[in-house]
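Visitor: I have a model open here and would like to talk it through. Can you take me around?

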Amino acid sequence: MSDASSTTYLVVEAGSHEGQRINLTGARMTVGRLPTCEVRFDDPYLSRTHAALWQQGGVDYVEDLGSAGGTFVNGEAITEPRRLHAGDRIAFAELRLRYGTGEGAPAGVRYDIGDQRAHAINNVGRDQYVQQVIQQRENFFREIAAAKTKARGLIWTGVVVFLVGLAVAAFGWYTYYGQILDLSAASSMPTKDDFSGLLVFALGGLVNLVGVLLIIVGIVLHIVATARRRRVDRELPPPQFMR
C-alpha cells in the first residue's frame, strides 16, 4: 500500500462533529449514518449511505452516492467522482470538512509509480484503465441522474394532476347531490342537464386516474434508476488502490 494512505485525512471544520479527524487509508470508505458505514456520523442531515471515499495511485477521490443533502467540493455539488487536493473543502450536507495532507506528502504526488521502467509502464496501462472505468461510471451516472430527474418530474406532475382531478370530482359530486335534492323536491322527471354534476364527477375521476398512472410510472422509473446505479456499483466499482 502507498505511504500516502497514512498522510491524507479529513478534519471536520464545522457541524455536529467539529474537530473530528478521519485518516484516509486508501481502502474504500463509505460515509453516512448507518452503523455499517466505515465513517459514521450521527448527523440528521446525512443520508444513511451518503458518500464514498477511495484512493487510486496515491490520489484520493470523493463520490456522492445519491444522497438527499448532496456532496460538495469547494461549494460545488458533485455528481461524479471528484479528485481531492490539499486544502479542498468538502461538505456532506451540513457537515463541513477540510482535506489535508501530512508532512512530506505534497498534493498530487503519485506513489504508485515504481523506479523501474517496466513498473512505470505497467502503471501507465493501469492508469489508462482506471480513467476508462471512471469515464464509464460518469457516463452511467449522468444517464441515471437524468432518469431520476425525469422520474421526479413525472411524480410531481402526477400529484398535481391527481389533486386537480380530486377537486373536479368533489365539485361534480357536490353539484350532482344538489341536483338530486332539487329533483326530489320538485317531483319532476329528470332531464339530461340534471346529470351534469355526475358527468363532472366522472371527469374528475378520469383525471385522478391519469394522475395515479403518472405517479406509478415515475416511481417505477425511479426504482429502475436506483437499481441501475446499484448494478453499476456492483459490476463497475470505483477503482481501488492497486499494490
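Guide: We can go from the overall layout to the sheets, the core, two loops and the pocket.

Guide: This is a predicted model, in which local features need pLDDT of at least 70 and side-chain atom pairs count only at pLDDT 80 or more, while totals for chains, interfaces and linings use all residues. Residues are numbered from 1 along each chain as its sequence is written, and side-chain values use heavy atoms, with hydrogens and water left out.

Visitor: How many helices and strands are there in the protein?

Guide: The protein has two helices and eleven strands. Both kinds are DSSP runs numbered from the N terminus: helices are H or I with at least four residues, strands are E with at least two. Along the sequence the pattern is β-β-β-β-β-β-β-β-β-β-β-α-α.

Visitor: And what percentage of the residues count as buried?

Guide: 37% of the 243 residues. Buried means under 20% relative accessible area, exposed means over 50%, and partly exposed is in between, using a 1.4 Å probe and protein chains only.

Visitor: Sheets next. What is the order of the six strands in the open sheet?

Guide: The order is E2-E1-E11-E10-E7-E8, with antiparallel pairing. E2 and strand E8 (76-77) are its edge strands, each pairing on one side only. Two strands are said to pair if DSSP finds at least two bridges between them.

Visitor: How many bridges join E1 to E11?

Guide: Six, and the two strands run antiparallel. Alanine 14 stands opposite arginine 96 in E11. E1 is also joined to strand E2 (residues 21-23), by three antiparallel bridges, and valine 11 stands opposite arginine 21 in E2. E1 is mostly covered, with five of its seven residues buried.

Visitor: What about the other sheet, the one with five strands?

Guide: That one is open too, ordered E4-E3-E5-E6-E9, and its pairing is mixed. Strand E4 (39-40) and strand E9 (82-83) are at the edges with a single partner strand each, so one side of each has no neighbour in the sheet. Strand E6 (residues 59-64) and E9 run antiparallel and are joined by two bridges; tyrosine 61 stands opposite arginine 83 in E9.

Visitor: I clicked on glutamine 55. Is that residue buried or exposed?

Guide: Glutamine 55 is buried, with a relative accessible area of 0%. The residue belongs to strand E5 (residues 51-56). The glutamine 55 side chain makes a polar contact with the side chain of aspartate 60, at 3.0 Å. A polar contact is a pair of N or O atoms within 3.5 Å; within protein, one must be able to donate a hydrogen and the other to accept it, and residues adjacent in sequence count only if both atoms are side-chain atoms.

Visitor: Which residues touch the most other members of the largest nonpolar core?

Guide: Ile22, Phe41, Phe92 and Leu97, out of 21 residues in that core. At least two core residues come from each of strand E1 (8-14), strand E3 (29-32), E5, strand E10 (89-92) and strand E11 (95-101). E11 has the largest share, three residues. A nonpolar core here is a set of buried Ala, Val, Leu, Ile, Met, Phe, Trp, Tyr and Cys residues joined through side-chain atoms within 4.5 Å.

Visitor: Now loops. What is phi of asparagine 74?

Guide: Near 55°, a positive value in a residue other than glycine. Most residues other than glycine have a negative phi. Asparagine 74 sits in the loop between E7 and E8 and is partly exposed, with a relative accessible area of 49%. Alanine 93, in the loop between E10 and E11, has a positive phi near 60°, and is buried at 8% relative accessible area.

Visitor: Last topic: how much space lies in the largest pocket?

Guide: About 730 Å³. A pocket is an open set of points on a 1 Å grid over the protein atoms alone where a 1.4 Å probe fits, with protein on both sides within 12 Å along at least five of seven lines, and lining residues have an atom within 4 Å of a point. Grid points are joined across faces, edges and corners, and the volume is the space filled by probe spheres set on the points.

Visitor: What lines the largest pocket?

Guide: There are 24 lining residues, and Leu65, Gly66, Ser67, Lys148 and Arg229 lie nearest the centre. Helix H1 (117-186) and helix H2 (196-235) each supply at least two lining residues, and H1 gives the largest share, six residues.
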